[in-house]
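Please open the model in a viewer and keep the selection tool at hand. The tour proceeds by selections, each followed by a description of what is found there.

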Amino acid sequence: MTTRELAKYIGRKGQLHIEDGSISCPVEVIDSRKCWDRIDALVQPVGGSGTKWVEAARIDWDQA
């Protein structure tokens, strides 16, 4: 995966699934990285504070 491909995640929004998927929160990606065989996204909550690296597969991406 190239830097250009990873940059496509930055600025995207979606719903981050928490725990067993019974709850989720809206997030925006502020950075991305390739970690072994997965893509991680540094997310911040929309309307909240803080950041966290999560596996991008845990995010349901908005279609906009």
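**A charged network**

Begin by selecting Asp40 and Arg33: the two form a salt bridge, with their closest N and O atoms 3.2 Å apart. The model is a predicted one. Next, add Arg38, whose side chain meets that of Asp40 in a salt bridge with an N to O distance of 2.8 Å. Through shared partners, these salt bridges join Arg33, Arg38 and Asp40 into one network. A search of the whole structure finds two salt bridges.

Colour the three residues by accessibility. Asp40 has a relative accessibility of 2% and therefore counts as buried, the limit being under 20%. Arg33, at 33%, counts as partly exposed, and Arg38 is partly exposed as well, with a relative accessible area of 32%.

**Ser32 and its surroundings**

Now select Ser32, which lies in strand 2 (residues 23–35). Ser32 counts as buried, at 11% relative accessibility. Its side chain reaches the backbone oxygen of Leu6 at 2.6 Å. Display the residues that Ser32 touches; among them are Ala7, Tyr9, Ile10, Asp40 and Trp53.

**The sheet**

Switch to a cartoon view. Five strands form an open sheet with antiparallel pairing, in the order 4-3-2-1-5. Strand 4 (52–55) and strand 5 (59–61) are the edge strands, each pairing on one side only. From one strand to the next, the twist averages 50°.

Finally, select strand 1 (residues 13–18) together with strand 5: they run antiparallel and are joined by three bridges. Zoom in on Gln15, whose bridge partner in strand 5 is Asp60.

Methods: Residues numbered from 1 in each chain as written. Predicted model: local features only at pLDDT ≥ 70, side-chain atom pairs only at ≥ 80, totals over all residues. Heavy atoms only, no water. Helix = DSSP H or I, 4+ residues; strand = E, 2+ residues; numbered from the N terminus. Buried < 20%, exposed > 50% of the residue type's maximum accessible area, 1.4 Å probe, protein only. Polar contact = N/O pair within 3.5 Å; in protein donor to acceptor, adjacent residues only side chain to side chain. Contact = heavy atoms within 4.5 Å. Pairing = 2+ DSSP bridges. Axes fitted to C-alpha atoms, helices over the stretch in contact; angles between N-to-C directions. Salt bridge = Lys/Arg side-chain N within 4 Å of Asp/Glu carboxyl O. Lists of a residue's contacts leave out its neighbours within four places in sequence.
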